[in-house]
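Me: I am new to this structure and would like a close look at a single part of it. Please take one pair of neighbouring elements, describe it, and then work outwards to what surrounds it.

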Amino acid sequence: MGSSAAHQLKQLKPLYQHVVNNFVAVLAAPLAVAAVVNAARVGPDELLGRLQALRAVHVFLAVFVAAAAATLYVMLRPRSVYLVDYACFRTRPNCRVPFATFLEHAKLVTFVEGASIDERSVRFMTRLLERSGLGEETCLPPAHHYIPPYRNMEASRAEVELVIFSAIDDLLAKTGISPNAIDILVVNCSLFAPIPSFTDMIIHRYGMRPDIRNVHLSGMGCSAGLISVGLAKNFLQVAPKGAHALVVSTETITPNYYVGKERAMLLPNCLFRMGGAAVLLSTSRARARFRLARVVRTLTGAQDSAYRCVFQEEDGEGHRGINLSKDLMTIAGDALKANITAIGPLVLPASEQLLFALSFIARRVVNRHVKPYLPDFRTAFEHFCIHAGGRAVIDELQRSLGLSDQDVEASRMALHRFGNTSSSSVWYELAYIEAKGRMRRGDRVWMIGFGSGFKCNSAAWECIAPARTAEGPWAESISRYPVDIPEVLKH
């Protein structure tokens, strides 16, 4: 009986959504009909007489107030920000690290003087890789292919130049924009902040204008890409109309290879891979491909556990690395709930908000044990780009948001093909959706990023013009995807 009732409610839900989401139209239609019928009964002469009875001052005030309100709204509303285009770093075959190569390399590092990594650590990393969701084509920077890995400044700069200059070159070629036409530059990289900064390196390489506004964000974690988008959006609000902002997101792997044996600090070695993305934003709609609808940031760093759950430190033997707390998934779930609470009212249709409100009231007033209603975000978005931080991260978000396997396909495939590319991962996922030809004009995209601090950030986009071709990071591999990813990979 319960199953039958649930099935009937499911069938009625589309009707409920249509009525609630179009409440104004549903209410206005009979009122309009009633007004027309009443006007027909009155007759044209009497109707004209009533209109003439209105004083001229009333007509003037009605027109003036409406015009003033409309003018004030246009002047005060934020400018719309558009995504002109984006480009991701295309990994190179000579940088690939199949599992066998990665593990053999790790075993050889155990013989390097000063390294503490041992056979037990290698066995632990083997089990991690088998369950990681990564494939055999992920890439590490050239410096990590040496024994011992190069972690010096020169090798780190070489990786930076390879990744970000390649992505920017592709973006400039796609858009045809001159570097001198860029007014704002925002770059994020968490674990490598040299002097001169990344923005200085880019300005020098491309000969950009001396008055360009530029910021280099560091230490902001894997969600920093969406923070950079939000910062660029704010800059564009005060820049001249039609200004351009270049956002570059990457993570430098070279100086951060951990050679100790603390298990909580070995996980980044297995998951993080090289990658980067360059994004061009503007307040001009001309040639734009997406419109930025929302950017919502939530931070839970006031709590000790959240603050320390992703923490760069030295182990007992002085080896520096990133310590990932065992409570990471719980903390990420709490941050996601806070972000959903903030973004939900901004993007969800009225039907979902009403059901959530009724559920909340029922839990508070009737019975605390009433199951809370989980809003269906698929009514607000057609596509989801969830940070590919690892298989467990994607699994948790799929469960928490009630998403289907196809909804998280882009995230799983990006993790498999490219690994965890930190803040740029959401752009590889967007490129996957477009390469598959699934993006349509008017489709809405939800990007979700997680990062140290602990932060959960969201960006909502609306598609204006889908990509015409599958060019980009997936050009040579999209025909092979999606692939089946086993729970435990045998190799």
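Reply: In this predicted model, take helix H14, residues 391-401, and helix H15, residues 409-418, whose axes come within 10 Å and cross at roughly 180°. An angle over 145 degrees counts as roughly antiparallel, and H14 and H15 are therefore roughly antiparallel to each other. On the H14 side the contact is made by Arg391, Ile394, Asp395 and Gln398, and on the H15 side by Ser411, Arg412 and Leu415. Sorted by type, the residues of this contact are two nonpolar, two polar and three charged.

Next, H14 by itself. Its buried residues are Arg391, Val393, Ile394, Leu397, Gln398, Ser400 and Leu401. An α-helix has 3.6 residues a turn, so residues three or four places apart point the same way. The cover over the buried residues of H14 includes H12, S9, H15 and S10. Ala392 also belongs to H14, but at 45% relative accessibility Ala392 counts as partly exposed, because buried means under 20%. Ala392 and Ser132 are 260 residues apart in sequence, yet their C-alpha atoms are 8.3 Å apart in space. After H14 comes Gly402, with a positive phi near 65°.

The other end of the pair leads to H16. In the loop between H15 and H16 sits Ser422. The phi of Ser422 is near 60°, which is a positive value in a residue other than glycine. With a relative accessible area of 1%, Ser422 is buried. Helix H16 itself covers residues 425-435, and 11 of its 11 residues are buried, so the rest of the structure largely encloses this helix. Among the buried residues of H16 are Trp427, Tyr428, Glu429, Tyr432 and Glu434. H16 is followed by Gly437, where phi is positive and near 75°.

Strand S9, one of the elements covering H14, comprises residues 383-386 and contains His383. At 10% relative accessibility, His383 counts as buried. Leaving aside residues up to four places away in sequence, His383 touches Ile433, Arg438, Met439, Asp443, Arg444, Val445 and Trp446. His383 also lies 9.3 Å from Gln406, C-alpha to C-alpha, with their positions 23 residues apart in sequence.

Now the nonpolar core. In soluble globular proteins, nonpolar side chains tend to be buried together. Here the largest nonpolar core has 56 residues, and the members that touch the most others are Phe377, Trp446, Ile448, Phe450 and Phe454. H14 is one of the elements that supply at least two residues each to this core, and others include helix H5 (99-109), helix H6 (119-130), S9, strand S10 (444-451) and S11. The largest share, eight residues, comes from H12. Ile448 can serve as an example of a core member: beyond residues up to four places away in sequence, its contacts include Leu397 and Leu401, as well as Leu336, Cys385, Ile386, Val426 and Ser458. A second, separate core has 49 residues, among them Leu83, Ala245, Ala435 and Trp461.

One of the residues touching Ile448 is Ser458, which lies in strand S11, residues 455-463. At 0% relative accessibility, Ser458 counts as buried. Its side chain makes a polar contact of 2.4 Å with the side chain of Asn339. Apart from residues up to four places away in sequence, Ser458 touches Leu226, Arg294, Val295, Val296, Asn339, Ile343, Trp446, Met447 and Ile448.

Finally, the chain as a whole. It has 16 helices and 11 strands. Of its 491 residues, 49% count as buried. Among contacts between residues at least 6 apart in sequence, 81% join residues at least 24 apart. Two backbone details elsewhere are cis peptide bonds: from Ile195 to Pro196, with omega near -5°, and from Tyr481 to Pro482, with omega near 5°. Pro196 is in the loop between strand S2 (184-188) and helix H8 (198-206), while Pro482 is in the segment after S11.

Terms used: Residues numbered from 1 in each chain as written. Predicted model: local features only at pLDDT ≥ 70, side-chain atom pairs only at ≥ 80, totals over all residues. Heavy atoms only, no water. Axes fitted to C-alpha atoms, helices over the stretch in contact; angles between N-to-C directions. Helix = DSSP H or I, 4+ residues; strand = E, 2+ residues; numbered from the N terminus. Parallel < 35°, antiparallel > 145°, perpendicular 65-115°, else oblique. Contact = heavy atoms within 4.5 Å. Nonpolar A, V, L, I, M, F, W, Y, C, P; charged D, E, K, R; others polar. Buried < 20%, exposed > 50% of the residue type's maximum accessible area, 1.4 Å probe, protein only. Polar contact = N/O pair within 3.5 Å; in protein donor to acceptor, adjacent residues only side chain to side chain. Core = buried A, V, L, I, M, F, W, Y, C linked by side-chain atoms within 4.5 Å.
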